[in-house]
Amino acid sequence: MAIDSAASGAVLKRERVRDALLELIEARRPGDAVPSERALCARLGVSRPTVRAAVDELVVAGLLVREHGRGMFVAAEKITQELVAEHGALTVPQARGVWTSRVLELRTLPAGARVGRRLRVSPAATIRYAARLRLVDGAPMAIEHLHLPAALVPGLTETELEQGDLYEHFRDRHGVRVAEAVQSVEPTVVTRAEADLLDVPELSPALLFERLTTDTAGRPVEYVRSVYRGDRYRIVSRLALAPSAPGADETHGGEGHHHPGFPPGDLTSRGPVSFSAHGVVQHD
């Protein structure tokens with residue numbers, strides 16, 4: 001499959017605009033105003049359609065709100081459910097199919113405020129940024145945007161990103177051993193540029209993954225944002241649920257409890273119950 005360079009460039013440019021908008025949002029409180037699209041174009045040096053596409057994505061994601069005649073505002077905070085580390089274990093095997101990667105971009109750049117906060121480095125610290133297209137059995141499945149501290153992987157190559165297991169390269173070539181990751185999943189839709197790369201219609205449903213990986217010393221080593229096709233990818237969880245403790249509140253028994261699915265990977269983390277979760281590629 002040949003990669004459309006125009007589509008790749010549009011995705012990468014909008015990703016940079018999106019990151020700038022996220023920094024504006026995170027510096028404000030819910031309900032605060034955001035500069036107009038015209039002001040954002042002047043500030044970021046990009047075209048109106050590029051800004052509008054990024055804003056549309058953040059509106060769909062529930063981070064921005066448009067109010068007719070008033071402008072754009074930071075949306076109310078989302079409700080977050082947290083799994084508390086106590087007993088048991090969660091193992092997450094690899095997803096099915098033959099996974100391959102194609103690098104869209106690999107470069108060194110300053111972390112910036114938003115990524116720097118996640119990786120716990122200075123905004124001026126250098127990172128290795130990589131964008132890659134993930135394929136399963138030759139079909140495009142996801143677009144990944146990886147941010148890695150340059151000091152940990154200074155010689156990272158396109159070959160490492162395209163061939164073999166990336167975490168094995170971290171360990172064997174860079175001496176970095178991953179240990180844990182915190183990953184969120186939420187629904188989204190693909191933009192026109194993403195649709196061209198993923199071979200789906202514009203505004204098709206998708207899954208948005210964000211992951212922060214730490215090593216055995218607790219250092220952040222990887223921040224990743226990925227968009228997965230919603231028509232070909234789903235998560236199936238096999239749950240082993242412990243019985244309620246004696247004397248537990250009966251009103252919180254079966255109803256109201258929610259056990260979210262987990263994406264594929266090699267990591268093991270702690271949780272209150274034992275899960276076996278599989279990322280499944282569903283073929284039509």
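The exercises below, each with a worked solution, concern a predicted model.

**Exercise 1. Overall content**

Task: State how many helices and strands the chain has, and what share of its residues is buried.

Solution:
- Step 1. The chain holds 7 helices and 13 strands.
- Step 2. Of its 284 residues, 42% are buried.
- Step 3. Take the contacts between residues at least 6 apart in sequence; 66% of them join residues at least 24 apart.

**Exercise 2. The sheet of 3 strands**

Task: Give the strand order of the open sheet of 3 strands and identify its edge strands.

Solution:
- Step 1. The order is β1-β3-β2, and the pairing is antiparallel.
- Step 2. β1 (33-34) and β2 (64-67) are the edge strands, since each pairs on one side only.
- Step 3. Between β1 and β3 there are 2 bridges. A33 stands opposite F73 of β3.
- Step 4. β2 is joined to β3 (residues 71-74) by 4 bridges, in the antiparallel sense. R66 has M72 of β3 as its bridge partner, and V65 has F73.
- Step 5. The connection between β2 and β3 is a hairpin with 3 residues between the strands. In its turn, G69 has a positive phi of about 80°.

**Exercise 3. Helix α3**

Task: Describe where helix α3 packs, what its span is, and on which side its buried residues lie.

Solution:
- Step 1. Helix α3 (residues 48-60) packs on the sheet that contains β2 and β3, touching both of these strands. The direction of α3 makes about 105° with that of β2.
- Step 2. With 13 residues, α3 reaches 18 Å from its first C-alpha to its last, close to the 18 Å expected at 1.5 Å a residue.
- Step 3. The buried residues in α3 are T50, V51, A54, V55, E57 and L58. They lie on the same side of α3 because the arc they cover around the axis is only 155°.
- Step 4. These buried residues pack against α1 (5-26), α2 (37-44), β2, β3 and β10.
- Step 5. After α3 comes G62, which has a positive phi near 80°.

**Exercise 4. The sheet of 6 strands**

Task: Give the strand order of the open sheet of 6 strands, its twist, and the helix α1 packing on it.

Solution:
- Step 1. The strands are ordered β5-β6-β7-β10-β9-β8, with antiparallel pairing.
- Step 2. At the edges are β5 (99-110) and β8, each of which pairs on one side only.
- Step 3. From one strand to the next, the twist averages 15°.
- Step 4. β8 and β9 run antiparallel and are joined by 11 bridges. In one of these strands, β9, L207 is the bridge partner of P187.
- Step 5. α1 packs on this sheet and touches β5, β6, β7, β9 and β10. The angle between the directions of α1 and β5 is about 50°.

**Exercise 5. Residue H147**

Task: Decide whether H147 is buried or exposed, and list its contacts beyond four places in sequence.

Solution:
- Step 1. H147 belongs to strand β7.
- Step 2. The relative accessible area of H147 is 3%. The cut-off for a buried residue is under 20%, so H147 is buried.
- Step 3. Leaving aside neighbours within four places in sequence, H147 is in contact with D19, V115, L119, I127, R128, Y129, V221, E222 and Y223.

**Exercise 6. Helix α6**

Task: Identify the buried residues of helix α6, what covers them, and what is found at the two ends of the helix.

Solution:
- Step 1. In α6 (residues 166-174), the buried residues are L166, Y167, H169, F170 and H174. Their arc around the axis is only 155°, which puts them on the same side of α6.
- Step 2. The elements covering them include β6 (126-136), β7 (139-149), α5 (158-162), β8 (178-189), β9 (205-215) and β10 (220-229).
- Step 3. The N-terminal end of α6 is capped by D165, with a side-chain oxygen 2.9 Å from the backbone nitrogen of Y167.
- Step 4. G175 follows α6 and has a positive phi, near 70°.

Notes: Residues are numbered from 1 along each chain as its sequence is written. Side-chain values use heavy atoms; hydrogens and water are left out. Buried means under 20% relative accessible area, exposed over 50%, partly exposed in between (1.4 Å probe, protein chains only). The arc is that of the directions from the helix axis to the C-beta atoms. Contact means heavy atoms within 4.5 Å. A polar contact is a pair of N or O atoms within 3.5 Å; within protein, one must be able to donate a hydrogen and the other to accept it, and residues adjacent in sequence count only if both atoms are side-chain atoms. Two strands pair if DSSP finds at least two bridges between them. Axes are lines fitted to C-alpha atoms, for helices over the stretch in contact, and angles run from 0 to 180 degrees between N-to-C directions. The expected span of a helix is 1.5 Å times one less than its number of residues.
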